[in-house]
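Trainee: I should like to understand how the terms used for this structure are justified. May I put my questions to you one at a time?

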Amino acid sequence: MAKRKDTVHYNGTKGGWGSLRGIAEVAWRERPTLAAIDTLRRMNKAGGFMCVSCAWGKPEHPHAAEFCENGAKATLWELTSRRCTPEVLARHKASDLKTWKDHDLEQLGRLTHPMRFDAEQDIYVPCSWDEAFAAIGRELKAIDPKSAIFYASGRASLETSYLYALFARAYGHNNLPDSSNMCHETTSVALRTVIGSPVGTCVLSDFDHCDAIFFFGQNTGTNSPRLLHPLQEAVKRGVKIVTFNPIVEKGLEVFKNPQSPVEMLTPKATRISSLYLQVRTGGDIAAITGLIKYVLAAEERRWSQEQAHVLDIDFIEQHTAGFAAMKAHVDATGWDEIERESGLSRADLEAAGQIYVEAERAICMWGMGLTQHVHGFDNLTMLTNLWLLRGNVGREGAGISPVRGHSNVQGQRTVGISEKPELVPLDRIAAQYGFEPPRDEGMNTVEGCEKILSGEVRAFIGLGGNFLRAIPESENMEAAWTKLNLTVQIATKLNRSHLVNGKVAYLLPCLGRSEQDMQESGAQAVTMEDSLSCIHGSLGKNRPASAHLRSEVAIVAGMAKATLAPNPRLDWDAWTADYARIRDAIEATYPEQFHDFNARVFTPGGFYRGNSARERIWKTKSGKAQFTVPTRMNALGFAPAEGRFRLMTLRSNDQFNTTIYGYSDRLRGIEGTRDVVLMNPDDMAAAGLTRGQRVSLASDAGDGVHRQVDGLAVTPFLLPRGCLAGYYPELNPLIPLWLHDEQSKTPASKGVPVRILS
Ligand SMILES: Nc1nc2c(c(=O)[nH]1)N[C@H]1C(S)=C(S)[C@@H](COP(=O)(O)OP(=O)(O)OC[C@H]3O[C@@H](n4cnc5c(=O)[nH]c(N)nc54)[C@H](O)[C@@H]3O)O[C@H]1N2
Ligand SMILES: Nc1nc2c(c(=O)[nH]1)N[C@H]1C(S)=C(S)[C@@H](COP(=O)(O)OP(=O)(O)OC[C@H]3O[C@@H](n4cnc5c(=O)[nH]c(N)nc54)[C@H](O)[C@@H]3O)O[C@H]1N2
Ligand SMILES: [Mo]
């Protein structure tokens, strides 16, 4: 799509001075201490602390400053000098705070004291930790364990997560949804089905050996900027990068490395994508079908020209199942349908196909653009089809590499935070701790919401996160929330989920990862797993925001002790006193992946916990890597109709999920507001809308439920026709709870059917 003067866009490059300015602005806003700024130097280095922002891999040989604009923002956000004290909370009723914007709530600063919600006065009042634990224990003991949900946002360490899951199972449920259920769960379910492993197969060094990288629906420049460094290195080696995204996202277009003086002081910047294809929202299955069609045709051409195979015939024969059915499906699909559904031309798709065919080793990467669709599962199985054709899995320099979100979201699943009991070594847990863990399926996020609405759920504990703001149908959910017996939120800053409370409600403030965690045996380190399955130790050194904070480990242990009957093998106090003992326990439950855990905590670059698919061992039903036939050509869950648009809800460059740092989406040229709807200028003209005009969006899901968001400024933007974009979480009230990936139940936040009301 050619650039147009009549659209809003950014003229600079990703990185460069703009990103340094971004850091300076947040430093100004948060007013961190000098020690806090010094902390940035220790980020993502062995013996340092691991960034609280994204999950991208941390190299063995880090840069002098191994952090990015948004990692610095996230760290300074945690180390702000602002404090949300009991006095501050006493001044504001919850009903008043509920009218505040997300940005303003968190701007109150770090929570400092454990608080109980007093419903009569409608305010939070301070309480002691003992009181909080005792009340939580009392409430949990009074209900059926299976009516409680223990949610986790993907930030808490492996140590905390392991104890949290253990607490849930000892108490009696598997209701352990985490933010992954709104995020990459589609990835985990699809990859497990087709390659027998829920996580990516690449390690960082693969990026030094690949010839091509294909990106789908991931905004690297904003959401995992450190990944731009290996990409830039790769481009300099001649690697071709092909990107599929309805929006031309700056970071994947051009990048100026803020760590390179030459690039900073000259006009020099690196063009990242050699081919950038603006696929229609939901059009990836069709686009990938086109690529596969090209690869199959190239294989046929080679017969007449007696050239080397294009397909990896040996790999397909030895390692895969289902090739013939997949091929028959693609052969039967015409280019007309592919072009119509993807919104891309055959010539462009063939050009991308040629890059794939020419690459001896190729890596594919993706984010929410593939996972958050009703047929997100098919997006991923189709992409895997393409990767299997040329044996691009389980070879150095080749593979499948999803870009995960929260810094430990992958790790939480690794150590037992899962609603799926079959993924957890329950027999080992039973033997290790002498209790019988529940074997029935727990609730994922969507099921949890359904059962909160129906009244079956009685208690909710949130280990971090902002559940009520992150889920779909957020307004309707809030009404049901107040009927819960117990709500507990473990958090660092105040957010909207803390203002809608159950009958008994506690807000428990915890240490952040950059802060020193002193326990009986001394300062404690914690660990996390990155997107590439490497485990890193992290040691916080900053002075805690308040003397009354407890660590997440201590809080989970405190709740568990107050709830469970004594069991000498569940020694919560000993675990809290020395986290090395928790790591020993993790090692005992997961010996294959975590052997010598304590000795390996600070391995530079992290230690790799292994992945069977990388070894070409396929733990699938067929015992092979599985080719599949997609159920349809479009990832959306609805048909086209007059006046119906497909809406994607996105992150700006100035937020971390529901944490809104500010109002500058610099890389898209949108400044000063988040209340926008981005739209193709031709669609605007057709609908008679003008730039800046305020409109409402209403969901057009055909279920008779009215969902609407008002006051959005129409903003001309280079999007494919029929597609709209706006910001998460403001637009979450538009997403029906039932609109989710069919297999994994990940909400379809990138494919929401809406109408414009003007
Ligand atoms: N600074 C910062 N970093 C973050 C986060 C943050 O909020 N801020 N969040 C963290 C978390 S939890 C996560 S999960 C990740 C999220 O990181 P991403 O996966 O990048 O998620 P989004 O910002 O939602 O952007 C999705 C991208 O997909 C594109 N897209 C939308 N629909 C489609 C489609 O149908 N097809 C294709 N091909 N593309 C599509 C959009 O244009 C956009 O570029 O980032 C993590 N890192
Ligand atoms: N429409 C739409 N909805 C979406 C998405 C989308 O793209 N579109 N994306 C989805 C995705 S990918 C995700 S991951 C979810 C995110 O959902 P969540 O993970 O639930 O939300 P966050 O915004 O990351 O949580 C922010 C809060 O976490 C708390 N916090 C921060 N640091 C810590 C810490 O160290 N410890 C503890 N205990 N608390 C801490 C702070 O109080 C902060 O207010 O949202 C999902 N929802
Ligand atoms: Mo996420």
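Trainee: What makes the backbone of Gln655 a polar contact of ligand 1?

Mentor: The model is a predicted one. In it, a backbone N or O atom of Gln655 lies 2.7 Å from a nitrogen atom of ligand 1. A polar contact is a pair of N or O atoms within 3.5 Å, so this pair qualifies.

Trainee: Which atoms of His373 and Asn657 lie 2.9 Å and 2.7 Å from an oxygen atom of ligand 1?

Mentor: For His373 it is an N or O atom in the side chain, 2.9 Å from an oxygen atom of the ligand. For Asn657 it is a backbone N or O atom, 2.7 Å from an oxygen atom of ligand 1. Taken alone, ligand 1 exposes 920 Å², and the protein buries 99% of that.

Trainee: How do you know which elements supply the shell around ligand 1?

Mentor: Those giving two or more residues are helix 10 (220-223), helix 19 (368-371), strand 24 (645-650) and strand 25 (655-656). The shell holds 30 residues, with Asn245, Glu249, Gly282, Asp284 and Asn657 the closest. Domain 2 (185-407) and domain 3 (645-757) each contribute at least three residues to the shell.

Trainee: What makes Tyr728 a polar contact of ligand 2?

Mentor: A polar side-chain atom of Tyr728 lies 2.7 Å from an oxygen atom of ligand 2. The limit is 3.5 Å between N or O atoms, so the pair counts. An N or O atom in the side chain of Arg651 is 3.1 Å from an oxygen atom of ligand 2, and a polar backbone atom of Ile490 is 3.0 Å from a nitrogen atom of this ligand. Ligand 2 taken alone exposes 930 Å², of which the protein buries 98%.

Trainee: How many residues of each class form the shell around ligand 2?

Mentor: The shell has 13 nonpolar, 15 polar and six charged residues. Helix 24 (467-470) and strand 16 (486-491) each supply at least two residues of this shell.

Trainee: Why is the largest pocket said to lie between domain 1 and domain 2?

Mentor: Both domain 1 (113-181 + 408-614) and domain 2 (185-407) give residues to its lining, so the pocket lies between them. Its volume is about 860 Å³. The lining has 29 residues, and Arg192, Pro198, Leu423, Gln593 and Arg609 lie nearest the centre of the pocket.

Trainee: Of which classes are the residues in the lining of the largest pocket?

Mentor: Six are nonpolar, twelve polar and eleven charged.

Definitions and conventions
Residues numbered from 1 in each chain as written. Chains lettered and ligands numbered in written order. Predicted model: local features only at pLDDT ≥ 70, side-chain atom pairs only at ≥ 80, totals over all residues. Heavy atoms only, no water. 1 Å grid on protein atoms, 1.4 Å probe; cavity = no way out; pocket = protein on both sides within 12 Å on 5 of 7 lines; lining within 4 Å. Points joined across faces, edges and corners; volume = space filled by probe spheres on them. Nonpolar A, V, L, I, M, F, W, Y, C, P; charged D, E, K, R; others polar. Domains from an automatic or database assignment. Near = heavy atom within 4 Å. Polar contact = N/O pair within 3.5 Å; in protein donor to acceptor, adjacent residues only side chain to side chain. Areas by Shrake-Rupley, 256 points an atom, 1.4 Å probe, with all protein chains shown as cover. Helix = DSSP H or I, 4+ residues; strand = E, 2+ residues; numbered from the N terminus.
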